[in-house]
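User: I would like to go through this structure by question and answer. Please end each reply on the value or name I ask for.

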Amino acid sequence: MALNPIIHRELISVLRQPRTLAAFCLLSFVFALIIAIRWPTEPIVALSGSRSMEVYRLFIVGLLGSVQILLPVFPATSLVRERNSGTLALLLNSPLGRWRIYTGKLAATFGLAMLMLFVSFPAAAACYALGGIPLITGVCGCYVVLMLAALELSALSLLISSASTTVDGAIRWAYGLILGLGLVTLAPHAMFVGSGGWIESSTDWLRCLSPLAAISSLLGSGDFASHGVSSTTNVARRFVILSSGITIMSSLWTIQRLQFAMFDRVRSAGFVANDQTQKVRILRRLMFIVDPTRRSRAMGWWLNPVMIKEFRCRKFGRLHWLLRLVSFCGVLALALAILTTTRTIAWDVATIGAILVVLQVALLVLITPSLAAGLICSERESGGWVLLQMTPMSVFRILWGKLLSVALTIVLVLCATLPGYMVIVFIEPGQRAQIERVVYCLVLTAVFATLSTAAIGTLFRRTATAIATAYSFLIAVCSIPLLVWLGRNAPFGHSAVEAVLTINPIAATLSVIRYPGFREYDLIPMHWWVMGTLSIASLCVLIFQTVRLSRPQ
């Protein structure tokens, strides 16, 4: 570390934080607890090693999820925080050079990931001691995939950080990238497996971008989302090739961006459509549904001014951006509806519904924290909270306006993604009651995600920390119960798995549509009671914190 001072500064500053030590201790405790629960109490070892492989599979998938949740915050905020504070220009003026600056930041982030993997070594050794786990493919191969996934994620997050202008925006894109590489790349293969032709070949390569597919292949659990169709694809080898290529290209791109030109942002002065001639205004009125250059009208007396402020000050709050977002979701839903119509001939409705549910919950997890987590803390960080307190509006009206700005956006997104379910009802009318329950679950998920992330945002002063915590919380709620489900019957029993799955929106909706693996769990209506209770608790925390912050300091 003496050769590159960037490594010393980046890595040591992170390791000195108490939350880093707490995260390492928690990971070590959880991994040790998983192994201790399954450790045999009698001196008898199963020759097949099936139980030990099930526990090891749960351990590796949990380790991958931990790396993907905790790691991207540090590289995604590294370069953009330096640029906003003015220290990146000083680094570029130093004799270090672009290559040493980038390699120092990448090595510091990768060193943090390696420390997370080192913490898991005792648990992995204990799993190997149980027997039935191959050393080369089971242990060494999985850890190579984890290291390559961490290196790829670090390189892509640094690229995002170099192109972002705000810290919270970089965190949004980083977590969106995680969802894209981890889940979205698996969806096309799940839809077109067994269809043949270039489409199946392309989706087969696309799913190899996911580290989850590579780990599943190494552990002998079959090709992920193959629906029983046999395949001879070496997913792990393809992942190594694709991951290495993406890491190299991202690194070269980021190094090329590390120059003084990145500080120069040319902005067009633009024009206001209202100041143009009448012919120009008429032509633009015909060409645009919503003209982005047209001056907004004065808001009505019946509207909440805080809601209007949030819509007009937020990029995705402007009407033309909302229409673009809704249009994208609508096109995606129509594409899924077409696939629903064509693929139902080969599959059952439950399989198509499962794909729709996973993609829709992933969309909620991606959008909601970026909208709700910064409602209060962004005002505190920018100093706008004091100005809002000086207005004649009450604190409850301020809070109501902010929640409305998020709720209306989420409602538009949900409504734009419903055509796929309508097609399922049209194909099989007997599924109407189940689809209605699925919609209820999705609405409760949206309410819970909005209120919980907004409540989390009131606990922090910095927007970046609030958004990162909100993303980690929602991803943990959606992924940790599924890890327990993976460990069903080894080491968790049926009642324990059912109790944990009641908080998971994906498991609840999959149990409603009777998807294999979830149909034996009775999660409704207990899931609705749990989500409703947690939403009310989050609302109480949100109101309490907002009232507390509104008092004179």
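Analyst: One definition comes before the rest: a residue is buried when its relative accessible area is under 20%, exposed when over 50%, and partly exposed in between. The model is a predicted one. On that scale, the share of the chain's 553 residues that count as buried is 49%.

User: How many helices and how many strands are there in the chain?
Analyst: The secondary structure of this predicted model holds no strands at all. The helices in the chain number 26, against a strand count of zero.

User: Of the contacts with a separation of 6 or more, what percentage is between residues 24 or more positions apart?
Analyst: The contacts considered here are those in the chain with a separation of 6 or more. Residues 24 or more positions apart account for a share of 79%.

User: Which residues touch the most other members of the largest nonpolar core, and which helix gives the largest share?
Analyst: This core has 100 residues, and Y56, F59 and Y143 touch the most other members. Twelve residues make up the largest share from one helix, and they come from helix 23.

User: What does Y56 contact beyond its neighbours within four places in sequence?
Analyst: With those neighbours left aside, the partners of Y56 include C127, I133, G138 and V139. The list also holds C142, L219 and a member of the core already named, Y143.

User: How many residues are in the second, separate core?
Analyst: This core is separate from the one above, and V306, L363, V413 and A454 are among its members. Its residue count is 24.

User: How many aromatic pairs are there, and what is the geometry of F121 and Y143?
Analyst: The whole structure contains seven aromatic pairs. For F121 and Y143, the ring centres are 5.1 Å apart and the planes stand at 65°. An angle over 60 degrees puts a pair in one class, so this pair is edge-to-face.

User: Where do F121 and Y143 lie, and how many residues apart in sequence are the parts they tie together?
Analyst: F121 belongs to helix 7 (residues 121-130), while Y143 belongs to helix 8 (residues 135-163). F121 is partly exposed at 38% relative accessibility, whereas Y143 is buried at 8%. F118 joins F121 and Y143 in one aromatic cluster. The parts tied together by the F121 and Y143 pair are 22 residues apart.

User: What is the class of the pair W485 and F518?
Analyst: Both residues are buried, W485 with a relative accessible area of 16% and F518 with 4%. Their ring centres lie 4.5 Å apart with the planes at 15°. Planes under 30 degrees apart meet the criterion, so the pair is stacked.

User: Which residue lies over the face of W205?
Analyst: The distance to the ring centre of W205 is 4.0 Å. The residue placed over that face is R238.

User: Is helix 25 largely enclosed or open, and which residue follows it with a positive phi?
Analyst: Eight of the eight residues of helix 25 are buried, so the helix is largely enclosed by the rest of the structure. At its start, a side-chain oxygen of N504 comes to within 3.0 Å of the backbone nitrogen of I506. The helix is followed by a residue whose phi is positive, near 60°, namely R514.

User: Is E379 buried or exposed?
Analyst: E379 sits in helix 18 (residues 377-382). Beyond its neighbours within four places in sequence, E379 contacts K309, E310, G384, W385, L388 and K402. Its relative accessibility is 8%, which is under the 20% limit, so E379 counts as buried.

User: What is the separation of the C-alpha atoms of R461 and E379?
Analyst: R461 is in the loop between helix 22 (432-457) and helix 23, and R461 is exposed at 56%. Not counting residues up to four places away in sequence, R461 touches C377, R380 and E381. R461 and E379 are 82 residues apart along the chain, and their C-alpha atoms are separated by 9.1 Å.

User: How many disulfides does the count give?
Analyst: The cysteines include C25, partly exposed at 47% relative accessibility, and C208, buried at 0%. A disulfide needs two cysteine sulfur atoms within 2.5 Å. By this rule the number of disulfides is zero.

Notes. Residues are numbered from 1 along each chain as its sequence is written. This is a predicted model: local features need pLDDT of at least 70, side-chain atom pairs count only at pLDDT 80 or more; totals for chains, interfaces and linings use all residues. Side-chain values use heavy atoms; hydrogens and water are left out. Rings of Phe, Tyr and Trp (its six-membered ring) pair if their centres lie within 6.5 Å; planes under 30 degrees apart count as stacked, over 60 as edge-to-face and the rest as tilted. Helices (H or I, at least four residues) and strands (E, at least two) are DSSP runs, numbered from the N terminus. Buried means under 20% relative accessible area, exposed over 50%, partly exposed in between (1.4 Å probe, protein chains only). A charge sits over a ring if NZ of Lys or CZ of Arg is within 6 Å of the ring centre and within 35 degrees of the ring normal. A polar contact is a pair of N or O atoms within 3.5 Å; within protein, one must be able to donate a hydrogen and the other to accept it, and residues adjacent in sequence count only if both atoms are side-chain atoms. A nonpolar core is a set of buried Ala, Val, Leu, Ile, Met, Phe, Trp, Tyr and Cys residues joined through side-chain atoms within 4.5 Å. Contact means heavy atoms within 4.5 Å.
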